Amino acid sequence: MGFLIALLVLLIIAIIAFACWFIGYRKNGKCPICALEKMGVLTKVTMDIEGDEDYGNGAALTPPMGWSSWNTFRQNISEELILSTAAAMKLSGLFDAGYQYINLDDCWHSSLRDKNGNLQSDLGKFPSGIEDLVNKINFMGMKVGIYSSNGTLTCEDLPASLGNEVRDAKTIASWGCEFFKYDFCHNKKISGDAPVIEGIEISRIGKTADITLKPQDARFSGRACVVNIKRLPSGKGIGLLNHGAGTATFKPVVDVSGEYAITLLTYKSPNLTHEQYLQVIVNGEIHEIFFPKTKGFTPTGRAQLIVKLNNGENEIILRNPVRTLADSAYVQYTRMGRALKKASKEVAAEKGTEEKPIVFSLCEWGTSLPWHWGAKAGNMWRTTHDIMPFWKSVYLIYLRNITLYKHAKPGAWNDPDMLEVGNGKLTDDENRAHFSLWCMMAAPLILGNDIRQFVNDDGTAIEDHPVLQIVTNQELIAIDQDTLGKSAKRIKKVSGIDVLARPLSNGDIALCFFNTSSKSNGISFDINDLGGDDYLEFNANQSSYSVHELWSDERFNGKIISASMPKHGVKVYRISK
């Protein structure tokens, strides 16, 4: 009985505490219901992004191919290692096979930003600097990629780019980098809370404010509205902007185009223990303001922006669209994406050279289902956590990625992470399967092994190296790089064999039999069964087809394929009419 009474008391206390929070939140001009609605949808973007354009920077129209330092070398990289790897890329024939990016992952940089606050390379391991390294690798005909994190630090606790997007994008572009991997370690979620706005003052730079916008001048959407706040001098403010509750729109008119200072007059809630966030969208350009924690000794505060206004009517929208972790990630990744696109154009204009678009690789680990929004933020997006050099990791990543085939297209790719071909204890059959599956899924082909092992001491390629033969299979690479850009669909599962099919730009079909079981297995398949699938668009009603198996180079004509595969093995066919 005593336990039940204690439980009842705790429940009553919890209800009272919740009621106090609810009433207090609403009293301070916030929408408590909107704050609660995020529960249960943390991994989904709830913002309206349908009108946002695709990233479209003209890069990665086929899946990027290259090499990354992380899988093999982790934090132990240096200028010498990177240059010797680039040389091996050329000497081994990998470059001729299509691999072109040499990507520096974490630990390329110093724990110190330079005197101007810019990222700089590790002062001991990269003494010549990244720009010099890029120039040397560009001279070999290849491109360089670099790494940072969408957080306060990288995964190895070095300076990262959250809050420094514009600065870091400009630095990366000025060095000539053409690939940028943006991780998710030490991420700091954007608050869904927004301050109450008492008004907006607008002034020309160097002059006193001559336009004042009051809450009642706004046009509201959603739940946003004018609220009564006794502590404010005017007694009124714009509230319920938090957690995507609504927007307030103003239409100020100015008589001269140019730069203006916008001052937001804010209400400082007493004892605010968290940051608040607001987007101020001026004529379509997003400006972001982060409001600090405050004791609220005085009720009013100010935040300023410098913006461009046009002669005549302008539009200013106030909103905080962030409800979930996914919303926060979307805002942060699109922020860096905009900075990269702008930086590559600015650097080209400043140097008088052709623009080098930067492939933007979103490494968000699939936490916020980026395949639903990644094409609007960048060129490729990780669909899972990090790959490891053992079969179970490869297989589990495949299982997730194969279901996402509809989201891949030219310039926007599902990224099941770097290749572990040649690493760990993967067998030759597993290495072939791993490479084949990534090619079928139109995945970026970023090697993660030590490619220097493909070259003899005299600089000649070890052409019979089994791993080199796998990753330079031109028929498989052609599947991966097909310009139609449609990923493979799993069309059937038959007794431990996954049947994958992918339409190609010339009307052919790439067909893969993947033995998922731990013993040898076989299948007999009628090519005409591919007909009738809207995704494949393959009019299959013939008595015979031209069939080419891409590992054995076996060729035959017919409509029935009989194949047997070893444990974790594959057969991959190109089928032509």
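Helices here are DSSP runs of H or I with at least four residues, numbered from the N terminus. Keep that in mind as you work through these exercises on a predicted model.

**Exercise 1. Getting an overview**

Find how many helices and strands the protein chain has, and what share of its residues is buried.

*Solution.* Start with the secondary structure: the protein chain holds 13 helices and 29 strands. Next, turn to burial: of the 577 residues, 54% are buried. Then look at the extent of the C-alpha trace, which spans about 85 × 65 × 55 Å along its principal axes. Finally, consider the contacts with a separation of 6 or more: 72% of them are between residues 24 or more positions apart.

**Exercise 2. Placing Arg335**

Work out which helix holds Arg335, whether the residue is buried or exposed, and what its side chain touches.

*Solution.* First, locate the residue: Arg335 belongs to helix α8, which covers residues 325-351. Second, check its accessibility. The relative accessible area of Arg335 is 11%, and buried means under 20%, so Arg335 counts as buried. Third, look for a polar partner: the side chains of Arg335 and Glu165 make a polar contact at 2.9 Å. Fourth, set aside the neighbours within four places in sequence; Arg335 is then in contact with Leu162, Gly163, Glu165, Ile190, Glu288 and Phe290.

**Exercise 3. From Arg335 to the largest pocket**

Describe the largest pocket and say which element gives the most to its lining.

*Solution.* Begin with the volume, about 1400 Å³. Now take the lining, which consists of 44 residues; Glu285, Ile286, Thr334, Arg335 and Arg338 lie nearest the centre of the pocket. So the buried arginine of the previous exercise, with its relative accessible area of 11%, turns up again here. Move on to the elements: α7 (165-175), β10 (246-250), β13 (276-282), β14 (285-291), α8 and α9 (374-377) each supply at least two lining residues. Of the contributions to this lining, that of α8 is the most, at eleven residues.

**Exercise 4. Looking into the cavity**

State how many cavities of 30 Å³ or more there are, and which residues lie nearest the centre of the largest cavity.

*Solution.* The count gives one cavity of 30 Å³ or more. The volume of the largest cavity is about 160 Å³. Its lining has 16 residues, with Phe179, Lys181, Ser361, Met418 and Ile446 nearest the centre. Two strands, β4 (179-183) and β19 (380-382), each supply at least two residues of that lining.

**Exercise 5. Classifying an aromatic pair**

Decide whether the rings of Tyr398 and Phe514 are stacked or edge-to-face, and find where the two residues sit.

*Solution.* A pair of aromatic rings is described by the distance of the centres and the angle of the planes. There are 22 aromatic pairs in the count. In the pair of Tyr398 and Phe514, the ring centres are 5.1 Å apart and the planes stand at 90°, so this pair is edge-to-face. The pair links distant parts of the chain, 116 residues apart: Tyr398 is in helix α10 (residues 391-401) and Phe514 in strand β24 (residues 509-515). As for burial, Tyr398 has a relative accessible area of 0% and is buried; Phe514, at 0%, is buried too.

**Exercise 6. Charges over rings**

Find which lysine lies over the face of Tyr55 and which over the face of Phe538.

*Solution.* Over Tyr55 lies Lys341, at 4.9 Å from the ring centre. Over Phe538 lies Lys577, at 4.9 Å from the ring centre. To finish, place Tyr55 in its surroundings: Tyr55 forms one aromatic cluster with Phe180, Tyr182, Phe184, Tyr330, Tyr333, Phe360, Trp365 and Trp373.

Conventions. Residues are numbered from 1 along each chain as its sequence is written. This is a predicted model: local features need pLDDT of at least 70, side-chain atom pairs count only at pLDDT 80 or more; totals for chains, interfaces and linings use all residues. Side-chain values use heavy atoms; hydrogens and water are left out. Buried means under 20% relative accessible area, exposed over 50%, partly exposed in between (1.4 Å probe, protein chains only). A polar contact is a pair of N or O atoms within 3.5 Å; within protein, one must be able to donate a hydrogen and the other to accept it, and residues adjacent in sequence count only if both atoms are side-chain atoms. Contact means heavy atoms within 4.5 Å. Rings of Phe, Tyr and Trp (its six-membered ring) pair if their centres lie within 6.5 Å; planes under 30 degrees apart count as stacked, over 60 as edge-to-face and the rest as tilted. A charge sits over a ring if NZ of Lys or CZ of Arg is within 6 Å of the ring centre and within 35 degrees of the ring normal. On a 1 Å grid over the protein atoms alone, a cavity is a set of points where a 1.4 Å probe fits but cannot get out, and a pocket is an open set with protein on both sides within 12 Å along at least five of seven lines; lining residues have an atom within 4 Å of a point. Grid points are joined across faces, edges and corners, and a volume is the space filled by probe spheres set on the points.
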